[in-house]
Amino acid sequence: MTSAPRENHASGAADPGTLVVMAWSAEAPDGDMPYLLAYSLGDVPGGPEAATAAVERLLEDNGLPADGDVVDGAARPDLPVGLFVDGDQAVVTMVGFSARCLPPREWLAAVAERGYAYFLFTTRPWPRAEPGKAVAPEALAAFAGAEETLNAAAHVVLPARDPHD
């Protein structure tokens, strides 16, 4: 599992704090599923509540409902959210946010096979999972699988693209 801090957010927009993207894959009945999880550390002056509000706004500005419903990115070509896989890097882009991470080989293989990743961007801060620090699989499963996380998140089946196409 790897993570990377956000590279930017829209100037003038509420500050969501440090945004992190983490990639992993998990077994599914039809082969490995590649996942991406984005979240804030909640490290803003207004605390976790302010970070939550800022992430909600960021998602809203990108046409992503943070209500647990799944958005099919392939069926929405106008969706301003993208996933680019370039060599051993994954890059997630949206208006006001861009992050790059180095996913594990298993994730790269799964996204190459499927052509997409399941992207979960939650408004729920996770201050314990900092960029560059290992996250135990049990901790990731507990956070990513928690009802509070899932119900306060945008869920997107996000097609993977080659940035050179």
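**Strands, helices and cores in the predicted model**

E3 and E8 pair in the parallel sense, with 4 bridges between them. The model is a predicted one, and this pairing is a handy place to start. One of the contacts along it involves Tyr-35, whose bridge partner in E8 is Tyr-118. These two tyrosines turn up again among the aromatic pairs: together with Trp-24 they form a cluster linked by ring pairs. Across the whole structure, the search comes up with 7 aromatic pairs.

On to the other partner of E8. Strands E8 and E9 run antiparallel and are joined by 7 bridges, and Leu-120 has His-155 in E9 as its bridge partner. As for burial, E8 is largely enclosed by the rest of the structure, because 5 of its 7 residues are buried. E2 is mostly covered too, with 6 of 8 residues buried. E2 goes with E3 in the antiparallel sense, over 8 bridges, and Ala-26 sits opposite Met-33 in E3. The hairpin made by E2 and E3 leaves 6 residues between the strands, and Gly-31 there adopts a positive phi near 115°.

Further along the chain come two more hairpins. Strand E5 (residues 81-86) and E6 run antiparallel, joined by 6 bridges, with Val-81 standing opposite Met-94 in E6. Their hairpin has 2 residues between the strands, and Gly-87 in it has a positive phi near 65°. E6 then carries on to E7, again antiparallel, through 5 bridges; here Thr-93 stands opposite Ser-98 in E7. This hairpin also has 2 residues between the strands, and Gly-96 is the residue with a positive phi, near 90°.

Helix H1 (residues 47-61) is 15 residues long and spans 21 Å from first C-alpha to last, close to the 21 Å expected at 1.5 Å a residue. Its buried residues are Gly-47, Ala-51, Thr-52, Ala-54, Val-55, Leu-58 and Leu-59. They take up an arc of only 165° around the axis, which means they lie on the same side of H1. The general background is simple: an α-helix has 3.6 residues a turn, so residues three or four places apart point the same way. On the face turned away from the buried side, H1 carries the exposed residues Glu-49 and Glu-60. The cover over the buried residues of H1 includes strands E2 (19-26), E3 (33-40), E6 (89-94), E7 (97-101), E8 (116-122) and E9 (153-161).

After H1 comes Gly-63, with a positive phi near 75°. Leu-64 is found in the loop between H1 and strand E4 (70-72). Although it is a loop residue, Leu-64 counts as buried, because its relative accessibility is 4%. Setting aside residues up to four places away in sequence, Leu-64 touches Leu-59, Leu-79, Val-81, Met-94, Ala-154 and Val-156. Among these contacts, Leu-59 is one of the buried residues of H1, while Val-81 and Met-94 are the residues that stand opposite each other in the pairing of E5 with E6. By contrast, Leu-64 and Pro-163 are 22 Å apart, C-alpha to C-alpha, with their positions 99 residues apart in sequence.

Helix H3 (residues 137-144) has Leu-140, Phe-143 and Ala-144 as its buried residues. Viewed down the axis of H3, they fall within an arc of 90°, so they line one face of the helix. The exposed residues Glu-138 and Ala-142 are on the face turned away from that buried side. The buried residues of H3 pack against E2, E3, E8 and helix H4 (147-151).

Gly-115 offers another loop case, lying between helix H2 (105-114) and E8. With a relative accessible area of 31%, Gly-115 is partly exposed. Gly-115 and Pro-159 are 44 residues apart in sequence, yet 5.9 Å apart in space, C-alpha to C-alpha. Neighbours within four places in sequence aside, Gly-115 is in contact with Pro-159 and Ala-160.

That leaves the nonpolar cores. The largest has 29 residues, and the members that touch the most others are Leu-36, Leu-83, Phe-97, Trp-107, Phe-119 and Phe-121. Apart from this one lies another core, of 14 residues, including Leu-37, Leu-41, Trp-126 and Ala-144. Ala-144 has already appeared among the buried residues of H3. As a general matter, nonpolar side chains tend to be buried together in soluble globular proteins.

Notes. Residues are numbered from 1 along each chain as its sequence is written. This is a predicted model: local features need pLDDT of at least 70, side-chain atom pairs count only at pLDDT 80 or more; totals for chains, interfaces and linings use all residues. Side-chain values use heavy atoms; hydrogens and water are left out. The expected span of a helix is 1.5 Å times one less than its number of residues. Buried means under 20% relative accessible area, exposed over 50%, partly exposed in between (1.4 Å probe, protein chains only). The arc is that of the directions from the helix axis to the C-beta atoms. Contact means heavy atoms within 4.5 Å. Two strands pair if DSSP finds at least two bridges between them. A nonpolar core is a set of buried Ala, Val, Leu, Ile, Met, Phe, Trp, Tyr and Cys residues joined through side-chain atoms within 4.5 Å. Rings of Phe, Tyr and Trp (its six-membered ring) pair if their centres lie within 6.5 Å; planes under 30 degrees apart count as stacked, over 60 as edge-to-face and the rest as tilted.
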